[in-house]
Amino acid sequence: MIGYVSAVLVIGLNFLLWGAVGALRFSDEALGRLRARRSRRLAEWGRRPETGLEHRRAARRTERLTSHDIAILIAAHNEELVIGASLVALSELISMDNVYVMSDASSDNTVAIARARGAHVAETSTNVGKASAIREGIEHFRLLESFQAVLILDADTQLDLCYFDVALPLLDDPRVVAVAGCAHTRWQRRPGFAGSVLVAHRQRIYLLTQLLLKYGQTWRGVNVTHIVPGFASIYRTAALREIDINPPGLVIEDFNMTFEIHVKRLGRIAFHPGARAYTQDPDRYLDYVRQTKRWGLGLWQTIRRHRLGPSLFSATLLLLLIELITSSVLYLLLVPVVFLIAVPDMVPSLLTVPWLAGMHAGLTEHVSLTMILLGVLLPDYVLTCFAAIIERRPRYLLLGLFFIAMKVTDAAIALYTLPRAWTEGSTGRWVSPPRRTEEPAIPTERGA
């Protein structure tokens, strides 16, 4: 029982499966780097000439895309608090001649700030939503004709100094049509304790899903990731020509654009943890709930639009959805179960109520607080310790004690948004969380 609860609620078959695949990928790439270094040393020492394969690889490296081949497109709506710092950070990496901002009927200083920072700027005539603003930006600036790839960036996103060094070589493979950015939350200033719990919980989600799911799902020959996040990801322009960026009825665009790649068999999606980008996550509970609702609704709406078919991607997605629904139901059941077990033990007089006594006896026959502690809370905290080590943030060890409340929140949102995807549509209009003023963070976060 403990093993089952732990596997479904905490670890999950997806983490076990794709974590193992990711470990194989890590080993394979580490061996590949060792072989490449050995080959370079032998070539330098003149012990043997390059083989034909190595010569072709070297030639291909000379044709690698550079930042000059990439357009950066930012769709923005009332982002005056963050877009200036993002553009300053971006100017450290790329010429501002390659940066384009499509303001979606902003009523603040977004346009003025973007122009002052040297970006190309245009505006929509009315508030059309992010997906439509992206499409209008691509068409207005003629990006598909002028560039080989487009990096779609959120207004609050700041790229790591190594982003292009890691992301662009992934496009050496002509089969790769999209490179998913690796999300990291930005910790420039500490919110209050509750805000720290929210932000740390979100970063733990980023870390676990990217290292234990996406890293394995994007290994060569696999290609089954279900999300290329819209905050900082690169698309080949050839693929963007085929993608329906803004179909009606969807609240967000990135799930749909990812599914379009799979359904239309446009090519591979690549990902590497080194292609980091830093984003601003909500530090207030209601803002967190609103944003997570949009993400959950966007996933279910995209599944409703594309449905599942006979493919490895669909099979992988089905396993993920089954586990998501199962774990969400069980996490929500934890609350009444703990209440029905613990409260009567603390207040024995409640056992005089027949129905409560009966439920208490039935539950304690099969479940105990110790079982919940060992089967759910402890394994979840082990994952938090893993995140603390990888992130080198000891504060997670304290904040992680409160993550269970956020897990219950996420479970409730997942189940709440499921039926709504079939009962309501969406205009795609912006509902962004309130922003916090930020400074450019890149010089201090390189390799962090």
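Helices here are DSSP runs of H or I with at least four residues, numbered from the N terminus. In this predicted model, helix 1 spans residues 2-45, and Trp18 lies within it. Because buried means under 20% relative accessible area, Trp18, at 6% relative accessibility, counts as buried. Leaving aside residues up to four places away in sequence, Trp18 touches Leu212, Leu213, Gly216, Gln217, Val222, Val224 and Thr316. A further relation across the sequence links Trp18 with Trp219: the two are 201 residues apart in sequence, yet their C-alpha atoms are 10.0 Å apart in space.

The protein chain as a whole may now be considered. Its secondary structure comes to 17 helices and 8 strands. Of the 448 residues in the protein chain, 52% are buried. The chain exposes about 20700 Å², and carbon and sulfur atoms supply 61% of that area. Among contacts between residues at least 6 apart in sequence, 80% join residues at least 24 apart.

One of the helices can be examined by its length. Helix 11, residues 285-306, has 22 residues and reaches 32 Å from its first C-alpha to its last, close to the 32 Å expected at 1.5 Å a residue. Arg307 follows helix 11 and has a positive phi, near 60°.

Positive phi values also appear in two loops. Arg142 is not a glycine, but has a positive phi of about 55°. The loop that holds Arg142 runs between helix 5 and helix 6. With a relative accessibility of 51%, Arg142 counts as exposed. Asn223, likewise not a glycine, has a positive phi of about 55°. Asn223 is placed in the loop between helix 8 (193-217) and strand 7 (232-236). In contrast to the exposed Arg142, Asn223 is buried, with a relative accessible area of 16%.

The aromatic residues offer another way into the structure, which holds 5 aromatic pairs. In one of them, the rings of Tyr100 and Phe141 have their centres 4.8 Å apart and their planes at 50°, so this pair is tilted. Tyr100 belongs to strand 2 (residues 99-103), while Phe141 is in the loop between helix 5 (130-140) and helix 6 (143-146); the pair therefore ties together parts that are 41 residues apart in sequence. Tyr100 is buried at a relative accessible area of 10%, and Phe141 is buried at 15%. The rings of Tyr163 and Phe164 form a pair of another geometry: their centres are 5.4 Å apart and their planes stand at 85°, so the pair is edge-to-face. Tyr163 and Phe164 are both buried. Returning to the tilted pair, Tyr100 and Phe141 form one aromatic cluster together with Phe147.

Aromatic rings also take part in arrangements with charged side chains. The charged end of Arg395 sits over the ring of Trp187, at 4.4 Å from the ring centre. The charged end of Lys214 is likewise positioned over a ring, that of Phe271, at 5.6 Å from its centre.

Ser91 gives a further example of residues separated in sequence. Ser91 is found in helix 3, which covers residues 83-91. With a relative accessible area of 38%, Ser91 is partly exposed. Ser91 and Arg117 are 26 residues apart in sequence, and their C-alpha atoms are 8.7 Å apart in space.

It remains to consider the confidence of the prediction. The protein chain averages a pLDDT of 87, and 90% of the residues score at least 70. Among the elements of the chain, strand 4 (residues 149-153) has the highest mean pLDDT, 97, whereas helix 17 (residues 442-445) has the lowest, 45. Over residues 442-448, pLDDT stays under 50, and the model has 20 contacts beyond four places in sequence for this stretch. Residues 58-62 are another stretch over which pLDDT stays under 50; for these residues the model has 1 contact beyond four places in sequence.

Notes:
Residues are numbered from 1 along each chain as its sequence is written. Side-chain values use heavy atoms; hydrogens and water are left out. Rings of Phe, Tyr and Trp (its six-membered ring) pair if their centres lie within 6.5 Å; planes under 30 degrees apart count as stacked, over 60 as edge-to-face and the rest as tilted. Buried means under 20% relative accessible area, exposed over 50%, partly exposed in between (1.4 Å probe, protein chains only). A charge sits over a ring if NZ of Lys or CZ of Arg is within 6 Å of the ring centre and within 35 degrees of the ring normal. pLDDT is the predictor's confidence in each residue, from 0 to 100. Contact means heavy atoms within 4.5 Å. The expected span of a helix is 1.5 Å times one less than its number of residues. Accessible areas come from the Shrake-Rupley method with a 1.4 Å probe; for residues, only the protein chains shown count as cover.
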